[in-house]
Number of protein chains: 2
Amino acid sequence: MKALSKSKAATIYEVAKHAGVSIATVSRALRDSDLVTEATRARVRAAVEALNYTPNQSGRALAEGRHAANGIVFPDLTGPYYAEVVLGYEEIAAELGRSVLILTTHGRRDAEAAVHDLAGRVDGLAVMGNTVGDDTVRAIAATGVPLVLLARPPVDGIDTIRTRNERTAAELAEHLVAHGHRRFVFAGDPQAAPDMAGRYAGLVKVLRAHGLPRPDLRPCAYDVEAGERVGAQLMADPPDAVVCANDEVALGVHIAAEAAGRSVPHDLAVTGWDDVLAARFAGLTTVTQPMRELGATAARWLDERIGERSTGPDRANPRRRVLPTRLVTRRSCGSHPVETPDPLGGTA
Amino acid sequence: MKALSKSKAATIYEVAKHAGVSIATVSRALRDSDLVTEATRARVRAAVEALNYTPNQSGRALAEGRHAANGIVFPDLTGPYYAEVVLGYEEIAAELGRSVLILTTHGRRDAEAAVHDLAGRVDGLAVMGNTVGDDTVRAIAATGVPLVLLARPPVDGIDTIRTRNERTAAELAEHLVAHGHRRFVFAGDPQAAPDMAGRYAGLVKVLRAHGLPRPDLRPCAYDVEAGERVGAQLMADPPDAVVCANDEVALGVHIAAEAAGRSVPHDLAVTGWDDVLAARFAGLTTVTQPMRELGATAARWLDERIGERSTGPDRANPRRRVLPTRLVTRRSCGSHPVETPDPLGGTA
DNA sequence: TTCGACTTTGAAAGCGCTTTCATCGCCGCC
DNA sequence: GGCGGCGATGAAAGCGCTTTCAAAGTCGAA
């Protein structure tokens, strides 16, 4: 019960010696093989206890030819969006006996190398959005590591899960037009992420269908501060509606508008995307996405692909899935609400 | 450039054969050792490219005797709190050349075993709050894996980083008392987490100092729904102030109060903890914590401990740090504000 | 009592990599 | 022209574990 001084972790050899058996027996006893006597198993367990043994998982991974770990790559954890995806992913991966390695590419220049390195540590990898280029994705897929792309356009024969952007954006746009809005601004960068491109496209399509002018495009980062800056610029000559790439931007625009003495939705409508908690309190019209499910589905698909790898057919027919999203109308989208009895709840 | 059909990842042996060198040379070429000719290196690189080689990190870890990975254990990613901590941790770990393995103990019964397993995959481990018992913490520390505890009372000689709870809670309580509040409720469970215990203790101390009755203790979970339930119960006979364990609970109470026709802060004050984005929009008085820094500091300390392990002295003198927190007063704490020119910003 | 069939255990190979140590050329120098 | 020295490379050991294969016990039946 001491061993504290040793500072070097015990190995299976020491456990074997302590228990008076071979390392093979120790391994079997710990793996719940029924090839060992109860008595032997007890002795081994006692030795494990005494030496405070923790199996080295690298050794195990090497011997088994698998890592028992999955990776996930995303731009950043900021905001609840990615956090929820990761959580759903981890939950299912853990159920399936896999650890989860995370990697954010946020402010890195060596992102591609880091992802490659990660690929060498895992049995399967989920990649979110525009974190790395298609070339890297293809190269990793070619090494045989199962991959699933999240919120990103499909690449070759690789499994992909997305959320519905264009159609729900169109629905949102129709709603705004029905409110009487005519001059639109889109705050966000369609080039920055595929999701954003879809949202922009949905908006553009509807405006065109109604013979309205194209939205004024204001590329910006995806945080409150960026929204505030865009909002402040707009306040000189406010449009009818500002469709924002996500809730953070929308909340920033909201703040800027009020700071400039404009009222939302009286003077202008503002909408977001993601339905963060704050959206509820700001009365922000937005869109909910099943983020947890996005992560969970990725983990399940990967597990299946990893299972397939040894047997059966390989990446013949890639899986594709688009998860539904849902418009949540609150008061920020227009001054004459047709809905929303509960100002905090939003419509179902 | 194909190898797609193989489905089996290339090893260093195949690269060596392809390049016409030994595996030692391949290893050296890839590790940027200056022991190889530029010409050789180029040949190796070409072979790596051609075979789409990704080094197996388990093999490397085993050979090097290190994992080049850190772990972090936390209850759940829900809410921005843990996400931010993880992000700060990952950022620094990545800078230091370490991957990050996450593990949530949320709804698990085998949490202790999972943490043990994780300990066998990493060079260092951060453990948040009440995720696992002290025994497990001690057992892992005894194996020689450097550990750092976050938001948790110190255990033996193990490094610990916390945020200031009791003192800032006292400050908050003083503020509320100054507002004239007398009957307090604490919504949250001091038994559930050490942080919560500290917040409760700070409140109790101040009330006693003022000769006021002890707060009415309402244990609850830490999400909006739990807050709503507690809030609904309280509305029959509203107290002067509801001090909540975190912002989510506070926002729930807020919702329940308004649903019951009570106004915050006119009829009762509500305060939270964490300063989530929504707190700004709900005008919630709360406390900010340097969560990112919490994670970042943990990653740095671990790196140092890992470095020490080979040389120098071991866990003789454990490190301890308490990160400062800061009261953010907004309108929810009292109806006659002494501060806060900007209703959305809060005071510095 | 003896033999075969199980059951339990041990010896050893091998997973993919790093690294020490030895070897092999090659250069410059005496 | 021979030799020491050095730079580049290869052979092989070993990291901690799992697993195959063989050996050693154990038991029941003949």
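I began at helix α11 of chain B, where N246(B) caps the N-terminal end: a side-chain oxygen lies 3.2 Å from the backbone nitrogen of E248(B). I work from a predicted model, in which local features need pLDDT of at least 70, side-chain atom pairs count only at pLDDT 80 or more, and totals for chains, interfaces and linings use all residues. Residues are numbered from 1 along each chain as its sequence is written, chains are lettered from A and ligands numbered from 1 in the order in which they are written, and side-chain values use heavy atoms, with hydrogens and water left out.

**Entry 1: helix α11(B)**

I took helices as DSSP runs of H or I with at least four residues, and strands as E runs of at least two, numbered from the N terminus. I checked the length of α11(B), residues 247-259. At 1.5 Å a residue, its 13 residues should span 18 Å, and the end C-alpha atoms are 18 Å apart, which agrees. The expected span is 1.5 Å times one less than the number of residues.

Next I looked at burial (buried is under 20% relative accessible area, exposed over 50%, partly exposed in between, with a 1.4 Å probe and protein chains only). In α11(B), 11 of the 13 residues are buried, so the helix is largely enclosed by the rest of the structure. Among the buried residues are D247(B), E248(B) and H254(B). G261(B) follows the helix, with a positive phi near 80 degrees.

**Entry 2: DNA strand D**

I counted a residue as near a strand if one of its heavy atoms lies within 4 Å of it. By that count 29 residues surround DNA strand D, and the closest are I12(A), S27(A), Y53(A), T25(B) and T40(B). Of the strand D atoms within 4 Å of the protein, 63% belong to sugar or phosphate and the rest to bases.

I then noted polar contacts (N or O pairs within 3.5 Å; within protein, one atom must be able to donate a hydrogen and the other to accept it, and residues adjacent in sequence count only if both atoms are side-chain atoms). The side chain of Y53(A) has an N or O atom 2.4 Å from a phosphate oxygen of strand D. For R28(A), a side-chain N or O atom is 3.4 Å from a base oxygen. A63(B) uses a polar backbone atom, 3.2 Å from a base oxygen.

Which element gives the most to this surface? It is α4(A), with 5 residues. I sorted the surface residues into 14 nonpolar, 9 polar and 6 charged. Here Ala, Val, Leu, Ile, Met, Phe, Trp, Tyr, Cys and Pro count as nonpolar, Asp, Glu, Lys and Arg as charged, and the others, Gly among them, as polar.

**Entry 3: DNA strand C**

I found 28 residues around DNA strand C, the closest being T25(A), T40(A), I12(B), S27(B) and Y53(B). A polar side-chain atom of Y13(B) lies 3.3 Å from a base nitrogen. Phosphate oxygens of strand C lie 3.3 Å from a side-chain N or O atom of R31(B) and 3.2 Å from a polar side-chain atom of R60(B). The largest share of this surface, 5 residues, comes from α4(B).

**Entry 4: D303(B)**

I looked up D303(B) in helix α13 of chain B, residues 291-310. Is D303(B) buried or partly exposed? D303(B) is partly exposed, with a relative accessible area of 22%. Leaving aside neighbours within four places in sequence, D303(B) is in contact (heavy atoms within 4.5 Å) with L96(B) and R98(B).
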